[in-house]
Amino acid sequence: MKNSHNQNKICIILNPNADKGRAFKKMTLIESSCDKYNLSYEIKLTQGPLDAIKLAKEAVFLGFSTIVSAGGDGTVNEVVDGIVKGIREKHLSFASFPVLGIIPIGRGNDFAFSAGIPRNVDKAVELISHDLWSSTDYGELIGGRFEDGRCFLNGVGIGFEPLVNFIASDFKRVHGMASYLLGFFKVLMNYPKPNKIFIRIDDEKEFTVYTQQLSVCNGRRMGSMFMMGPLASIDDGVLDMVYANKPLKGGQISLLALRFFKGTQLNSPHFSLLRGKKMTLRTETPELVCHTDGEEVSRGCDSIKIQLYPGELKCIRNA
């Protein structure tokens, strides 16, 4: 269901370093598109990591009715975290929540993919100008670098996939999907050992799994091309945990990678799906390699807690 609101003030938080510095070149195009659709807007540039959190929180306190993330998944992650922190500190009712808009000009843009937001800047701005939002689920992770909590929209990755993400981020001259492909092959050369992970879902189901790959998905895609949660939905009120249910050899993951691209891994006996709103994962030693929305949580922690907040974010989207 689409809803409208009084879109009288728009704050655009632009990360000039998104897509390894290419996003800054899109600012003129964003400005011309906003002018084209007669939007009243203010652009604020981030200065470094975590700055979008501060700017989004300030935008909530300043009363902006729409707060737009212009960047990649990491920028969206920070903007959402800042919006939620601002909402909580101001004790706003849902009716007074600001609306999230997204202009996807980053490297992966995975949440925008699940939300049906165009990668074309002008079309993304046009979507924002329509002034229609839908209730959207968001999650919060506690653990690793984020003992005070970090909100997320797309998902959490553990094991193989975050290793690929970290390596892709380190490349200086390789961008977009190519960086993830190179990262994928580099991880295959030093294939991770399985972790023994103790898992609890919704304070009811408890089990142990030996795995090299586990994804907790709100959106469907991670790493620009991997359909880690092929059946996930951003407004169904649950998170999808998709995981390798037994240790995989390097040769197996090479073949199964083709399933990640197509989102057919759940047709394989090697992968399982569980759903829930609240998940706790822990290990006996600090060995969880983890990210959320592409942002590093840890390269070795011993526990994380994840909680979903169904329908508690207003987001301008097509899907």
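**Aromatic rings in this model**

Okay, let's start with F94: its relative accessibility is 32%, so it counts as partly exposed. Keep in mind that we're looking at a predicted model.

Now, who does F94 pair up with? That would be W133: the ring centres are 5.9 Å apart and the planes sit at 70°, so we call the pair edge-to-face. This pair ties together distant parts of the chain, with the two positions 39 residues apart. F94 is in the loop between α3 and β5, while W133 belongs to strand β6, residues 132–143. And is W133 buried or exposed? W133 is buried, at a relative accessible area of 7%. There's a third member here too, as F97 joins F94 and W133 in one aromatic cluster.

On to another pair, F226 and F261. Their ring centres lie 5.5 Å apart with the planes at 15°, and because planes under 30 degrees apart count as stacked, this one is a stacked pair. Again, distant parts of the chain get linked: F226 comes from the loop between β11 and β12, and F261 from helix α8, residues 250–262, 35 residues apart. F226 is buried, with just 3% relative accessible area, whereas F261 is partly exposed at 31%.

So how many aromatic pairs are there? The count is six, and the two I've walked you through are among them.

Last bit: charges over rings. The charged end of R88 sits over the ring of Y309, 5.4 Å from the ring centre. R221 does this with F113, lying over its face at 4.3 Å from the ring centre.

How values were computed:
Residues are numbered from 1 along each chain as its sequence is written. This is a predicted model: local features need pLDDT of at least 70, side-chain atom pairs count only at pLDDT 80 or more; totals for chains, interfaces and linings use all residues. Side-chain values use heavy atoms; hydrogens and water are left out. Rings of Phe, Tyr and Trp (its six-membered ring) pair if their centres lie within 6.5 Å; planes under 30 degrees apart count as stacked, over 60 as edge-to-face and the rest as tilted. Helices (H or I, at least four residues) and strands (E, at least two) are DSSP runs, numbered from the N terminus. Buried means under 20% relative accessible area, exposed over 50%, partly exposed in between (1.4 Å probe, protein chains only). A charge sits over a ring if NZ of Lys or CZ of Arg is within 6 Å of the ring centre and within 35 degrees of the ring normal.
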